[in-house]
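Here are some exercises to work through with the sequence and the 3D view side by side. Try each task yourself before you read its solution.

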Amino acid sequence: MTDLLIRPAQNHDHDAIWSILEPILREGETYALPRDWDRARALAYWFAPAHHVFVAEEAGAVLGSSYIRANQLGAGDHVANGTYATHPAARGRGVARAMGLHSFEAARALGFSAMQFNLVVATNAPAVALWTSLGLREVGRLPGVFRHPRHGPVDALVMHRSL
């Protein structure tokens, strides 16, 4: 995507971000977040004070959003964690890849030395393939820790890469 702009999210982006998050939450197949969260709760979580929130937009339309934060506090605060959401209509167009690459650069600029994803749902094949292609590797498998609405308990991967 050559015309994709990734920039810090602002208050006026809330409606667009909610339009991306709501179907993902309701689907319940990728995030370990409550499926019944309302707009206010979901946006409060997404924009938590420790989160560096970004949007990916093309021609003024927000196609995705992501945030990065410290994965842990104290002795683990040098490792970043990221969460990514792409609008259903924009999937397969490279938005998540662009946000992932951007997050690595942003995390480096914030002083992080690695990126770790704590819960990549193993049945989310597009995400597993994307993160693997961007240099993250599976460093752990958590058996049956994600209650998938269609498949029941499924594994989640812990994925990591140095920045």
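Let us begin with the word "pocket". On a 1 Å grid over the protein atoms alone, a pocket is an open set of points with protein on both sides within 12 Å along at least five of seven lines, whereas a cavity is a set where a 1.4 Å probe fits but cannot get out; lining residues have an atom within 4 Å of a point. Points are joined across faces, edges and corners, and a volume is the space filled by probe spheres set on them.

You are looking at a predicted model, in which local features need pLDDT of at least 70 and side-chain atom pairs count only at pLDDT 80 or more, while totals for chains, interfaces and linings use all residues. Residues are numbered from 1 along each chain as its sequence is written, and side-chain values use heavy atoms, with hydrogens and water left out.

**Exercise 1. Describe the two largest pockets.**

Step 1: Start with the volumes. The largest pocket holds about 1000 Å³ of space, and the second largest has about 150 Å³.

Step 2: Find the linings. Around the largest pocket there are 40 lining residues, with T30, Y31, Y84, N124 and A127 nearest its centre. Residues lining the second largest pocket include G28, Y31, R35, F146 and P149.

Step 3: Ask which element contributes most to the largest pocket. That is β4, with six residues. Helices (DSSP runs of H or I, at least four residues) and strands (runs of E, at least two) are numbered from the N terminus.

Step 4: Sort by class. Ala, Val, Leu, Ile, Met, Phe, Trp, Tyr, Cys and Pro count as nonpolar, Asp, Glu, Lys and Arg as charged, and the others, Gly among them, as polar. The lining of the largest pocket has 21 nonpolar, 12 polar and seven charged residues; that of the second largest has seven nonpolar, one polar and two charged.

**Exercise 2. Find the enclosed space.**

Step 1: Searching the whole structure gives one cavity of 30 Å³ or more. The volume of the largest cavity is about 30 Å³.

Step 2: Locate L21, L25, Y31, L33, W37, A42, Y45 and W46, which form its lining. Helix α2 gives the most, with three residues.

Step 3: By class, this lining has eight nonpolar residues and no polar or charged ones.

**Exercise 3. Trace the sheet.**

Step 1: Follow the open sheet of seven strands in the order β1-β2-β3-β4-β5-β7-β6; its pairing is mixed. Two strands pair if DSSP finds at least two bridges between them.

Step 2: Mark the edges, β1 (5-8) and β6 (137-148), each of which pairs on one side only.

Step 3: Zoom in on β3 (residues 61-70) and β4 (residues 79-86), an antiparallel pair with seven bridges. Here I68 stands opposite G82 in β4.

Step 4: Add helix α4 (residues 125-133), which packs on the sheet and touches β4, β5 (114-121) and β7 (152-162). Contact means heavy atoms within 4.5 Å.

**Exercise 4. Is M99 buried or exposed?**

Step 1: Place M99 in helix α3 (residues 95-109).

Step 2: Apply the cut-offs: buried means under 20% relative accessible area, exposed over 50%, and partly exposed in between (1.4 Å probe, protein chains only). M99 is buried because its relative accessible area is 0%.

Step 3: List its partners. Not counting residues up to four places away in sequence, M99 touches I6, A56, G64, S65, S66, Y84, A85 and T86.

Methods
Axes fitted to C-alpha atoms, helices over the stretch in contact; angles between N-to-C directions.
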